[in-house]
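Thanks for making time for this. I would like to walk you through a structure that is new to most of us, so please have a look at it before I go on.

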Amino acid sequence: MKVKFTDLSGEFIQLKKALTKIFIRVGKTGQYVLGNELEKFEKNVKKFLKVKYVIGVGNWTEGMGLVCKALDLKKNDEIITVSNSFVATCGALAYNNVKPVLVDVNEDLNINPAKVIKKITRKTKAIMPVHLSGIPSSIFQLKKICKNKKLLLIEDAAHAFGSKLNNKFLGTIGDIGIFSLHPRKNFHVFGDGGIIVTNNKRIYTKLKLLRNHGLLNRDEAIIWGTNSRLDNMQAAFGNLMLKKINILNQKHINISKYYSKNLKKYVKTPIYNLKASNPTFHQYIIRTKHRNKLMKYLKKSGVETAIHYPNPIHKQQAYIKTFGRISLPMTEKYSKQILSLPMHHSLKKKQIQHVVKCIASFFDLKYYK
């Protein structure tokens, strides 16, 4: 049996009729850049997340760049974050001349607050945890640190739309939250896209100018900005997906529960607070010292897997050339153990059972020897 790691074409086929109707409807309006659909999308997201301000942008990376500009960050200002993330987490900072100061992680693969405290300097402007796979970081502990040290708290919530901790949506707990709408995310559009959320009116006002060339109106630019607008068509697709997101997230949660229940005797399953949080599991990441052999075995059994992420950011040439070599023991250790199992909207029960059966066979029959 073949089990795809992700199935974007399958999802498109399921939604083809609805997407086609949207394409025709928006096309007839002639509004492709900015427009009513984007305004509606931003209002809908604001209502869903219970946050004051929402900005639709081109993608997560550009969103982070806009945040750097909105906060007036200067060259070599520092933001503390993690290395076990997609390269954009640090790349967007470095590209905007902000220094990413990387710290190690806890066993849940999220940022270690104790390590954060040791890295705060006079150049530190913000702390930016990554809610990896939609599993909440220690966000309230970090918020307390930020308050005591008078720092900003930025949430990299690229994986976490709809995830909650203590009944609050991730991305809305800090000063700023940034989400990705990439097609692989639970909540997505059908191309690139991103969202920035905040409860700070001053930051919102500046972000809105920055994403559209600094224009106050069609003919007046009051600051230098850039072009990072979420397309009106993509916003319309986003409005469709927003109606479905609770159902889609719940499916991911149900799949993760089945995986955890049946795999915990064989591998290290995701760690999170069952009582206080509901991770939406953009990915389902297991850990085992037999990762490479298991990955090969699953491939032979028709199961596609991936690694998020095999090369931590501090091991990337781009980072080493710019900031030098550093050691993050836990991040490096876990990068050799982590394996992401199939997790997407189109997974069928028999496919999930097949994944579990294959992993159980691998360990029961000791194929790792």
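I will begin with the sheet, go on to the helices that lie across it, and finish with two helix pairs.

Please keep in mind throughout that this is a predicted model. The sheet is an open one of seven strands, and if you follow the strands across it, you read the order β1-β9-β8-β5-β4-β2-β3, with mixed pairing. At the edges you find β1, residues 53–57, and β3, residues 99–103, each of which pairs on one side only. On average, neighbouring strands of this sheet are turned by 25 degrees against each other, with direction ignored.

Inside that order, let me pick out one pair of strands. Strand β4, residues 124–127, and strand β5, residues 152–156, pair in the parallel sense, over two bridges. To give you a residue to look for, A126 has L152 in β5 as its bridge partner.

Now to the helices on the sheet. Helix α6, residues 139–149, lies across β4 and β5, the two strands I have just described, and runs at about 155 degrees to β5. Helix α2, residues 36–49, lies across β1, β8 and β9, where β8 covers 176–180 and β9 covers 194–198, and this helix runs at about 135 degrees to β1.

That brings me to the helix pairs, beginning with α1, residues 8–29, and α8, residues 232–263, which pack at an angle of about 135 degrees with their axes 10 Å apart. Because of that angle, α1 counts as oblique to α8, and α1 passes α8 in a right-handed crossing. On the α1 side the contact is made by E11, L15, A18, L19, I22, F23, V26 and G27, while α8 brings in N232, M233, A236, F237, L240, M241 and K244. Sorted by class, this contact of α1 with α8 has 11 nonpolar, two polar and two charged residues.

The other pair is α9, residues 291–300, with α12, residues 349–364, whose axes come within 10 Å and cross at roughly 130 degrees. That crossing angle makes α9 oblique to α12, and here too I can give you the hand, since α9 passes α12 in a right-handed crossing. The residues in contact are K293, L294, Y297 and L298 of α9, together with C358, I359, S361, F362 and F363 of α12. In terms of class, the contact of α9 with α12 has seven nonpolar residues, one polar and one charged.

Technical notes:
Residues are numbered from 1 along each chain as its sequence is written. This is a predicted model: local features need pLDDT of at least 70, side-chain atom pairs count only at pLDDT 80 or more; totals for chains, interfaces and linings use all residues. Side-chain values use heavy atoms; hydrogens and water are left out. Two strands pair if DSSP finds at least two bridges between them. Helices (H or I, at least four residues) and strands (E, at least two) are DSSP runs, numbered from the N terminus. Axes are lines fitted to C-alpha atoms, for helices over the stretch in contact, and angles run from 0 to 180 degrees between N-to-C directions. Contact means heavy atoms within 4.5 Å. Angles under 35 degrees count as roughly parallel, over 145 as roughly antiparallel, 65 to 115 as roughly perpendicular and the rest as oblique. A crossing is left-handed if the near helix is turned anticlockwise from the far one by less than a right angle, and right-handed if clockwise. Ala, Val, Leu, Ile, Met, Phe, Trp, Tyr, Cys and Pro count as nonpolar, Asp, Glu, Lys and Arg as charged, and the others, Gly among them, as polar.
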